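Please work through the exercises below with the sequence and the 3D structure at hand, and try each task before reading its solution.

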Amino acid sequence: MSTVVEVRNLRKRYRRSDPLAVDDVSFSIPAGHAFGLLGPNGAGKSSIVKMLTGLSRPDSGSVAMFGASPAEPGVRARLGFGPEDPDFPKYLRADEVLDYFGRLLGLSASERWRRIPEALKWCSLGEERRQVRQFSKGMKQRLGLAQAILGSPELLILDEPTSDLDPVGRRDVRALINGLKERGTTILLNSHLLSEVERVCDTVAIMSRGRILKQGPMDELVPEGKSLEEVFMQAVEATTTEAPLPDFIEGRKS
């Protein structure tokens with residue numbers, strides 16, 4: 001089985017005075033697998049996603065997708081990316097947004113005409129005629145997912161794809177991931193929703209403070225009788241300290 005994503009000894013620090021945001025991280029993702037990147041806020045997950053998508057450069061280490069650098073034009077054409085907080089031109093409608101991205105992808109007019117209605121129907125925006133400035137957070141999230149799959153990518157990177165979605169939207173994302181896996185698409189999923197990850201991912205890596213604490217196939221990492229949440233909390237709690245309640249909450253005088 002070929003390897004689609006190869007990350008080796010990745011390090012990233014944003015300022016000299018800051019701790020490492022990503023500290024010696026290595027992992028690989030085989031073709032057709034879903035890989036879950038898990039961790040609390042500030043663990044380094046989004047920093048890794050930015051380096052994979054070419055939005056940021058590592059200080060050291062290497063990132064390869066399809067055996068090449070993320071900066072290669074041929075690589076980017078095979079990649080779909082759904083950011084955590086998608087932002088689009090506010091005075092465009094959903095179909096106009098996708099037409100713009102379809103042009104960037106190099107899709108012909110006939111192919112855009114075919115794909116855009118299908119993508120909008122999937123994300124429940126097929127009948128939507130308002131401008132993006134009138135969209136809720138969940139609607140923008142759905143449009144971001146439609147944009148991510150418009151090019152029929154071989155590798156799909158999703159950064160917190162269900163963060164603003166309702167239960168129906170989360171179900172649709174699960175169905176999307178499982179459907180893409182069946183057709184051989186490789187997926188990297190960065191999410192706080194452990195129950196969602198447990199349902200769709202083949203392999204997971206648990207991070208804290210820039211480092212990977214545990215990683216492996218789901219059936220090996222999560223023993224029978226335990227949940228991914230239990231394994232996650234056990235790993236992360238060893239690296240963090242529970243903050244005490246403020247005195248005013250406890251009812252004590254300062």
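The exercises that follow concern a predicted model, and each task is paired with a stepwise solution.

**Exercise 1. Overall fold**

Task: Determine how many helices and strands the protein has, and decide how its radius of gyration stands against the globule rule.

Solution: Begin with the secondary structure, which comes to ten helices and nine strands. Next, take the radius of gyration, which is 19 Å, and set it beside the 18 Å that the globule rule gives for 254 residues; the two values are close, so the protein is as compact as a globular protein of that length. Finally, consider the extent along the principal axes, where the C-alpha atoms fill a box of roughly 65 × 50 × 45 Å.

**Exercise 2. Contacts, burial and surface**

Task: Describe what share of the residues is buried, and what the surface and the charges look like.

Solution: Start with burial, taken as under 20% relative accessible area, by which 44% of the 254 residues are buried. Then turn to contacts between residues at least 6 apart in sequence, of which 66% join residues at least 24 apart. The exposed area is about 13800 Å², with 48% supplied by carbon and sulfur atoms. As a last step, compare the charges: the mean positions of the 36 positive and 35 negative ones lie 5 Å apart.

**Exercise 3. Helix α1**

Task: Establish whether helix α1 is mostly covered or mostly uncovered, and inspect the residue that follows α1.

Solution: Locate α1 at residues 45-52, where six of the eight residues are buried, leaving the helix mostly covered. The buried residues are K45, S47, I48, V49, M51 and L52. After α1 comes G54, with a positive phi near 80 degrees.

Technical notes
Residues are numbered from 1 along each chain as its sequence is written. This is a predicted model: local features need pLDDT of at least 70, side-chain atom pairs count only at pLDDT 80 or more; totals for chains, interfaces and linings use all residues. Side-chain values use heavy atoms; hydrogens and water are left out. Helices (H or I, at least four residues) and strands (E, at least two) are DSSP runs, numbered from the N terminus. The radius of gyration is taken over C-alpha atoms; the globule rule is 2.2 Å times the number of residues to the power 0.38. Buried means under 20% relative accessible area, exposed over 50%, partly exposed in between (1.4 Å probe, protein chains only). Contact means heavy atoms within 4.5 Å. Accessible areas come from the Shrake-Rupley method with a 1.4 Å probe; for residues, only the protein chains shown count as cover. Lys and Arg count as positive and Asp and Glu as negative; His and the chain ends are not counted. The place of a charge is taken as NZ of Lys, CZ of Arg, CG of Asp or CD of Glu.
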